[in-house]
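Q: I should like to learn how to read a ligand site and a single residue in a structural model. Could we work through one together?

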Amino acid sequence: MDVRIAEDAETLAREAAAIVAGLVAQRPDALILAATGETPIGLYRELARLRERGVLGTSRLRVAQLDEYLGLEEDDPRSLFGWMHRALLAPLEIDAGRIIRFTTGHPNAELVAGMYDRQVDAAGGIDLAILGLGLNGHLGFNEPPSRADAPTRTVSLDPGTLASNATYWPNAVVPERAVTAGMSVILSARRVLLLVSGSRKAKILDRLLRSAPDPELPASHLHDHPDTIVLADRDARPKGPPDA
Ligand code: F6R
């Protein structure tokens, strides 16, 4: 695990964007697994800026969804796909043919999970997984406990995750059921970029860095991944003295 500390959230976004741009320069049709949420917003803005300046070509870039709520209409703007469309897909002009998404309206969600895995395999696997860190150590919606071989599947969200996501659901209840790319998909990505920003993440980042791979802290499985970069800003950097 390669742990890097950025001065602040803006620097983190720029450094993360440089990593993504480096990959796309080498492999213009790279398949990126993209988290939603607060943490990657700065990175996605930076990628849009690089594209506008002609520094980043996205005409062949491919994007896979990381997770999605269940029980929503396909075009519900509160879906994670809706969020990803506004923050990443539209600004980078990634058209539908280059997106692997979860079909939320399908009556059989387990079938949807299987379809997703087959699409990822057929696309040649994930080149880069861009992830955020949940306050309980989740990756995607792989809530604790999640084993390293956990497949893409439907899950019930933890109360803490529901509370964190409530800001996106004004006057409505956050859906409790979701589908997530499995730990197995995340860990088979050729490279993982875990972004961690803000003081509220300091405690869980500290636990992650000290933990052996443990299903109770799903992100800790990244210790067994051959190419993971953890990019944290100073606010998220663990401050306590090491345990004796
Ligand atoms: C989002 C996702 C989640 C978030 C995590 C951190 O697609 O899968 O695992 O990455 O909960 O969320 P933020 O960045 O909002 O703190």
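Q: How do the residues of the shell around the ligand divide into nonpolar, polar and charged?
A: One sorts each residue of the shell by its side-chain class. In this predicted model, three residues of the shell are nonpolar, seven are polar and four are charged.

Q: Which of the 14 residues around the ligand come nearest?
A: Here one turns from classes to distances. Thr36, Thr39, Asp67, His138 and Lys201 come nearest to the ligand.

Q: Where is an oxygen atom of the ligand placed relative to polar atoms of Thr36, Glu38 and Gly140?
A: A polar contact is a pair of N or O atoms within 3.5 Å. In the side chain of Thr36, an N or O atom is 2.7 Å from a ligand oxygen. The backbone contributes as well: a polar backbone atom of Glu38 is 2.8 Å from an oxygen of the ligand, and a backbone N or O atom of Gly140 also lies 2.8 Å from a ligand oxygen.

Q: What share of the ligand's area does the protein bury?
A: One starts from the ligand taken alone, which exposes 410 Å²; the protein buries 89% of that area. The ligand sits in the largest pocket.

Q: Turning to a single residue, is Ala163 buried or exposed?
A: Exposed means over 50% relative accessible area. Ala163 has a relative accessible area of 54%, and is therefore exposed. Ala163 belongs to helix α5, which spans residues 159-165.

Q: How far apart are Ala163 and Ala96 in sequence and in space?
A: The two separations are read independently. Ala163 and Ala96 are 67 residues apart in sequence, and their C-alpha atoms are 31 Å apart in space.

How values were computed:
Residues are numbered from 1 along each chain as its sequence is written. This is a predicted model: local features need pLDDT of at least 70, side-chain atom pairs count only at pLDDT 80 or more; totals for chains, interfaces and linings use all residues. Side-chain values use heavy atoms; hydrogens and water are left out. Helices (H or I, at least four residues) and strands (E, at least two) are DSSP runs, numbered from the N terminus. Buried means under 20% relative accessible area, exposed over 50%, partly exposed in between (1.4 Å probe, protein chains only). A residue is near a molecule or strand if one of its heavy atoms lies within 4 Å of it. A polar contact is a pair of N or O atoms within 3.5 Å; within protein, one must be able to donate a hydrogen and the other to accept it, and residues adjacent in sequence count only if both atoms are side-chain atoms. Accessible areas come from the Shrake-Rupley method with a 1.4 Å probe; for residues, only the protein chains shown count as cover. On a 1 Å grid over the protein atoms alone, a cavity is a set of points where a 1.4 Å probe fits but cannot get out, and a pocket is an open set with protein on both sides within 12 Å along at least five of seven lines; lining residues have an atom within 4 Å of a point. A molecule sits in a cavity or pocket if more than half of its atoms lie within 2 Å of its grid points. Ala, Val, Leu, Ile, Met, Phe, Trp, Tyr, Cys and Pro count as nonpolar, Asp, Glu, Lys and Arg as charged, and the others, Gly among them, as polar.
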